[in-house]
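Please examine the chain displayed here, first as a whole and then in selected parts. The paragraphs that follow are meant to be read with the structure in view.

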Amino acid sequence: MISNRAGRERLIFALDMVEDMKGVEEWIEVLKDHVGMFKVGKELFTRLGPPVVSRIKESGGEVFLDLKFHDIPNTVAKASEAAVNLGVSMFNIHALGGKKMMEEAARSVRECSEKMKLPVPSVIAVTVLTSLDDADIREIGFDCSTAELVPKLAGFARDAGLSGVVASAQDVSSIREACGEDFLIVTPGIRVDEGIVGDDQKRILTPKRAISMGADYIVVGRPIRMADDPVAMADRISGDIEEGLGERVRH
Ligand code: C5P
């Protein structure tokens, strides 16, 4: 059964812990009509390479390439062109690579998409890794908190012409306030029950709450992967997203 279309399009399944192409194909088969995108991260891409993206696309699925580019502007611009040529729908780069790097990425994506007549992927920025806390960023040399740095970097990303940011649950509101409605926010750290304990996601939100607070897409891995019935769980999450859309807060 295919249901909750608007919700499903906003649901990104993290293809983590998949060892080989057979595993990828199994998940595509199970979830292709129940999620909007498959997230391919560093681990999977380093192991299987571009064929994993092709395989997802051949089956009609869309890809969020989560490789978090961070390098000199020219190198990131060239890597961004390669992402366009792979046909991904979304990919990300680090805002801490600087404004010039982000501007070059945005420019090369626009130019390459036009030249190759390919769809323009969303380019989103990672602001501050959620593994870093206030003490960590002060140690690196920033004289502010992560709560201050995240919306500031999101603003740089928007000014550089990027489409949006990846942001953890607790930063969604401040980013939405700083960057307005026309800026994508992609949020991981989603759990279907508020009270769940025993994994490494510390600041979690339910799908409905993340979307109602202003997230545009949510990234979900374990809650679907480890469910007894992954399809039923994906459909439930799509339904929750639709409810969240109905309650969305406007800034
Ligand atoms: O299994 P889970 O739902 O926690 O997976 C979330 C996905 O989002 C994983 O691929 C993880 O690497 C990614 N992610 C995250 N937290 C961040 C950034 C990315 O969980 N701050």
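The chain carries 32 positive and 41 negative charges, and the mean positions of these two groups lie 4 Å apart. This value, like the others in this text, is computed from a predicted model.

Consider next the overall form of the chain. Its secondary structure comprises 12 helices and eight strands. The C-alpha trace extends over about 45 × 40 × 30 Å along its principal axes. Does the radius of gyration agree or disagree with that of a compact globule? For 251 residues, a compact globule would have a radius of gyration near 18 Å, and because the chain has 17 Å, the two agree.

The interior and the surface may now be described. Of the 251 residues, 51% count as buried, the criterion being a relative accessible area under 20%. Contacts between residues with a separation of 6 or more are also informative: 68% of them join residues 24 or more positions apart in the chain. The accessible surface comes to about 12,000 Å², and carbon and sulfur atoms contribute 50% of this area.

Helix α12 deserves a closer look. This helix covers residues 230-246, a total of 17 residues. At 1.5 Å a residue it should span 24 Å; its end C-alpha atoms are 25 Å apart, so the expected and computed values agree. Which residues of α12 are buried? They are Pro230, Met233, Ala234, Asp235, Ile237, Ser238, Gly239, Asp240, Ile241 and Gly244. An α-helix has 3.6 residues a turn, so residues three or four places apart point the same way. The buried residues of α12 pack against several elements of the chain, including the helices α1 (5-9), α2 (21-31), α10 (207-213) and α11 (222-225). The strands β1 (11-14) and β8 (217-220) are also among the elements against which these buried residues pack.

Two individual residues conclude the survey, and the backbone angle phi is the point of interest in each. Methionine 17 is not a glycine, yet it has a positive phi of about 60°. This residue is located in the loop between β1 and α2. Is methionine 17 buried or exposed? Its relative accessibility is 59%, and therefore methionine 17 counts as exposed.

Lysine 68, likewise a residue other than glycine, has a positive phi, near 45°. Its place is in strand β3, which consists of residues 63-69. Because its relative accessible area is 23%, lysine 68 is classed as partly exposed.

Terms used: Residues are numbered from 1 along each chain as its sequence is written. This is a predicted model: local features need pLDDT of at least 70, side-chain atom pairs count only at pLDDT 80 or more; totals for chains, interfaces and linings use all residues. Side-chain values use heavy atoms; hydrogens and water are left out. Helices (H or I, at least four residues) and strands (E, at least two) are DSSP runs, numbered from the N terminus. The radius of gyration is taken over C-alpha atoms; the globule rule is 2.2 Å times the number of residues to the power 0.38. Buried means under 20% relative accessible area, exposed over 50%, partly exposed in between (1.4 Å probe, protein chains only). Contact means heavy atoms within 4.5 Å. Accessible areas come from the Shrake-Rupley method with a 1.4 Å probe; for residues, only the protein chains shown count as cover. Lys and Arg count as positive and Asp and Glu as negative; His and the chain ends are not counted. The place of a charge is taken as NZ of Lys, CZ of Arg, CG of Asp or CD of Glu. The expected span of a helix is 1.5 Å times one less than its number of residues.
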